[in-house]
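These are my notebook entries from a sitting with one chain, written down in the order in which I looked things up. I began with a single side chain and worked outwards from there.

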Amino acid sequence: MADSDIPHTPPLLLPDEIHHAVKPGTALLRLETTSSREGRLDGAWWPRTRDIETELPALISVLTGHLGPITRVGLDASAWNGLPTRLVIDGQVVHLDSHPVGDGTVLITRGHNDHFALLLVPPDTTADAAREAMARAVRADNITQATQILIATTPEPEDGAADPAARS
């Protein structure tokens, strides 16, 4: 098969102007508020820290502006330094459901049964890896699970970094 016969996938990069804005604390959203949502993820969030009480209010405030009141947030308990069962954000009670699932997502619920899934980019992720992961997550045709996106965009450790014997 000739190179010209191989379909080329468009790059998984964000528009140039977004690269300057994507810093820890950023949320990228591709919200379809209809029942025909097709992608696996509705957006991505890159918090600055693992302190949910510091990080979540800004995300919920932004989402509320687009979606209306947020009632619940499902989080992986192992990704955070302690989780309360609820927070009051902008005068609204938001219930936090914690599960040790390790799947790299945050589930946002508005109303009783309308869910939005966001890729959770760990705070210590490099800027380049975070941008690539977020770009993949917000693609309308994305069918890749959050954990697989994070694995695919995490740089390999430098030689010897993962080998404890090499440090001696």
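Entry 1, a threonine and its surroundings. I looked up the side chain of T105 and found that it makes a polar contact with the side chain of D103, at 2.9 Å. I note here that the model is predicted, so that I read each distance as a value computed from a prediction. T105 has its place in strand 6, and I asked myself whether T105 is buried or exposed. Its relative accessible area is 13%, and T105 is buried because that value is under the 20% that marks the limit.

I then listed what T105 touches once its neighbours within four places in sequence are left aside, and the contacts are L41, G74, D76, L118, L120 and A146. For one of these, L120, I also looked up the separation: T105 and L120 lie 15 residues apart in sequence, while their C-alpha atoms are 5.1 Å apart in space.

Entry 2, helix 4. Since A146 was on the contact list of T105, I turned to helix 4, which covers residues 146–153 and has A146, I149, L150 and T153 as its buried residues. When I look down the axis of helix 4, these buried residues fall within an arc of 95°, so they line one face of the helix. I next asked which elements the buried residues of helix 4 pack against. They pack against strand 6 (105–110), strand 7 (114–120) and helix 3 (127–137).

Entry 3, the largest pocket. I looked up the space in the largest pocket, and it comes to about 340 Å³. The pocket is lined by 23 residues, and those closest to its centre are G104, L120, P122, T125 and L150. Helix 4 gives the largest share of this lining, with 4 residues. Sorted by class, the lining holds 10 nonpolar, 9 polar and 4 charged residues.

Entry 4, helix 2. In helix 2, which runs over residues 52–67, I found I52, E55, L56, L59, I60, L63 and L67 to be buried. Seen down the axis of helix 2, they fall within an arc of 120°, so here too the buried residues line one face of the helix. The face turned away from that buried side carries T54 and G65, which are exposed.

I also checked both ends of helix 2. At its start, a side-chain oxygen of D51 comes to within 3.1 Å of the backbone nitrogen of E53. After the helix comes G68, and the phi of G68 is positive, near 95°.

Entry 5, a loop residue. Which residue other than glycine did I find with a positive phi near 55°? It is D90, found in the loop between strand 4 (86–89) and strand 5 (92–99). D90 has a relative accessible area of 63%, and because this is over 50%, D90 counts as exposed.

Entry 6, the chain as a whole. I left the overall view for the end, and counted 4 helices and 7 strands. From the N terminus on, the elements run α-β-β-α-β-β-β-β-β-α-α. Of the 168 residues in the chain, 35% are buried. Among contacts between residues at least 6 apart in sequence, 61% join residues at least 24 apart.

Note on methods:
Residues are numbered from 1 along each chain as its sequence is written. This is a predicted model: local features need pLDDT of at least 70, side-chain atom pairs count only at pLDDT 80 or more; totals for chains, interfaces and linings use all residues. Side-chain values use heavy atoms; hydrogens and water are left out. Buried means under 20% relative accessible area, exposed over 50%, partly exposed in between (1.4 Å probe, protein chains only). The arc is that of the directions from the helix axis to the C-beta atoms. Contact means heavy atoms within 4.5 Å. On a 1 Å grid over the protein atoms alone, a cavity is a set of points where a 1.4 Å probe fits but cannot get out, and a pocket is an open set with protein on both sides within 12 Å along at least five of seven lines; lining residues have an atom within 4 Å of a point. Grid points are joined across faces, edges and corners, and a volume is the space filled by probe spheres set on the points. Ala, Val, Leu, Ile, Met, Phe, Trp, Tyr, Cys and Pro count as nonpolar, Asp, Glu, Lys and Arg as charged, and the others, Gly among them, as polar. A polar contact is a pair of N or O atoms within 3.5 Å; within protein, one must be able to donate a hydrogen and the other to accept it, and residues adjacent in sequence count only if both atoms are side-chain atoms.
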